[in-house]
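Me: Please take a close look at one part of this model, the packing around a single helix, and go on from there to the residues and contacts that stand out. Plain terms with their cut-offs would be welcome.

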Amino acid sequence: MELNKGKLLDLKNKYGDAYYLLDSNQFRDNFLELKGSFSNIYPNFNIAYSYKTNYTPKLCKIVNELGGYAEVVSEMELELALRIGVDYSNIIWNGPIKTKSTVEKFLINGGTINIDSLEELEMIKEIVNCYPDQYFNLGIRCNFDVSDGVVSRFGFDVNSEDFRQVLEFTTKKPNVKLISLQCHFAKRQLDYWPNRAKGMIDLIDSIGIIPQRIDLGGGLFGKMPDSLKNQFTTEIPKYEDYANAVAPLFMEKFRGCDQLPELIIEPGSALVGDCMKFVGTVKSIKNIRGKYIASVLGSQKNVSMTGINPPVDVFNASDKQEIYNDLDFVGFTCIENDVLYKSYNGKLAVGDMIVINNCGSYSLVMKPAFILPNFAVLDISDGKEEVIKRAETFDDIFHTYNF
């Protein structure tokens, strides 16, 4: 995705002073590279893309075309997967909140739910008992200590009576198949990944069951420039580092088996983080008690980065620029901490465009209708723009209200 002043001004004239730029080709390349890193070591491997991270339909379609799974945590994401043509059997439904009618339809059609609570188990029992001639694919979300200092909220403590209850149901009910054991831990540091693998292997050994799928969840760093890497206190792993940390453990465990269980991970940020940019226009520059402030059409909500300076490029839209030191780019939301970038040093002018990189993760999906509707999403990966999502309007925001 090559950007220059002329291209940005052309897009600005067509779509307004702020918009997102998507690189779907980069997303495709990331998927194939990540999958290859694991598959080279453990052949029966697949990716379940985390829809919640960025559910832009074009990206989700690419995952489906490449044979990946849809990992969803809400009925909205499930609906999206079905609308773009994902088969029920290729959808993995995690998440703590589900309604019975949707669960019933989903399971009857061959989808897989990783059970997250006893309440969910009771709901599924009622459904299963109503269809004694129907087979159901189920999984269990597993929770154990990976020495990351966090007590995760997801799944069942594998040493608990609750876990034994759900295990008994999924292994002894005649029309139920325990298809998956799944875990998810949020910290992305490489150090914790071998503990995930060992925890799952120990669990498999203790229960004496090898499931069809072993799902290690998400929580991986993605690709980023050095300016972003240097702001982390830990080293940023590459795809192959994650693969080398866990795939050999499973290869060794199941070496000699007639059929390797399918190893799955559920990445989001690692695939989509570097595939989206946000472009905003500088609307004003002022000096307040010696501090320079540049207001931008855009907000922290558009980039979803806090406590960190994202990679930023400035494109001059005029012949007038001055040099600034210790300037902060701030957003339009009128919230004091809506700061996009702190302590910028360099040339700037009103009307300039700032391009914020690496904002594909949790940005578009978490932008609320706060102060202004969201902006257009344009895919320019093939050299010409494709409108993936039009800019939202006031009518989009207000139509659910009664006036």
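Reply: Buried here means under 20% relative accessible area, exposed over 50%, and partly exposed in between, with a 1.4 Å probe and protein chains only. The model is predicted, so local features need pLDDT of at least 70 and side-chain atom pairs count only at pLDDT 80 or more, while totals for chains, interfaces and linings use all residues. Residues are numbered from 1 along each chain as its sequence is written, and side-chain values use heavy atoms, with hydrogens and water left out. Helices (H or I, at least four residues) and strands (E, at least two) are DSSP runs, numbered from the N terminus.

The helix to look at is α6, residues 118-130. The expected span of a helix is 1.5 Å times one less than its number of residues. With 13 residues, α6 should therefore span 18 Å, and its end C-alpha atoms are 19 Å apart, which agrees. The buried residues in α6 are L118, E120, L121, M123, I124, I127 and V128. Contact means heavy atoms within 4.5 Å. The buried residues of α6 pack against two helices, α5 (100-108) and α7 (161-172), and against the strands β5 (112-115), β6 (136-143), β7 (156-157) and β8 (176-182).

One of these neighbours, α5, also takes part in a ring pair. Rings of Phe, Tyr and Trp (its six-membered ring) pair if their centres lie within 6.5 Å; planes under 30 degrees apart count as stacked, over 60 as edge-to-face and the rest as tilted. The count by this rule is 17 aromatic pairs. Between Y49 and Y51 the ring centres are 6.1 Å apart and the planes stand at 50°, so this pair is tilted. Y49 and Y51 are both buried. The pair of Y88 and F106 is tilted too, at 6.0 Å centre to centre and 55° between the planes. Because Y88 lies in the loop between α4 (75-83) and β4 (91-93) and F106 in helix α5, the pair ties together parts that are 18 residues apart in sequence. Y88 counts as buried at 16% relative accessibility, and F106 is buried at 0%. Ring pairs also link Y20, F278, F332 and F375 into a cluster.

The loop between β7 and α7, two elements that α6 packs against, holds S160. This serine is buried, with a relative accessible area of 18%. S160 and I84 are 76 residues apart along the chain, and their C-alpha atoms are separated by 39 Å.

Another helix contact lies earlier in the chain. Axes are lines fitted to C-alpha atoms, for helices over the stretch in contact, and angles run from 0 to 180 degrees between N-to-C directions. Helix α2 (residues 24-39) packs on helix α3 (residues 57-65) at an angle of about 35°, with the axes 10 Å apart. A crossing is left-handed if the near helix is turned anticlockwise from the far one by less than a right angle, and right-handed if clockwise; that of α2 past α3 is right-handed. From α2, S24, F27, R28 and F31 meet K58, L59, I62, V63 and E65 of α3. By class, this contact has five nonpolar, one polar and three charged residues, where Ala, Val, Leu, Ile, Met, Phe, Trp, Tyr, Cys and Pro count as nonpolar, Asp, Glu, Lys and Arg as charged, and the others, Gly among them, as polar.

Two single residues show contacts across the sequence. W193 is in helix α8 (residues 193-207) and is buried, with a relative accessible area of 0%. Beyond four places in sequence, its contacts include K187, R188, L216, L220, Y242 and I265. W193 and Y242 are 49 residues apart in sequence and 7.2 Å apart in space, C-alpha to C-alpha. Y15, in helix α1 (residues 5-15), counts as partly exposed at 26% relative accessibility. Leaving aside neighbours within four places in sequence, Y15 is in contact with L378, E385 and V387. The C-alpha atoms of Y15 and L378 are separated by 9.2 Å, with their positions 363 residues apart along the chain.

Backbone angles come last. Most residues other than glycine have a negative phi. D326, in strand β14 (residues 322-330), has a positive phi near 55° and counts as partly exposed at 36% relative accessibility. S343, in strand β15 (residues 339-348), has a positive phi of about 60° and counts as partly exposed at 37%.
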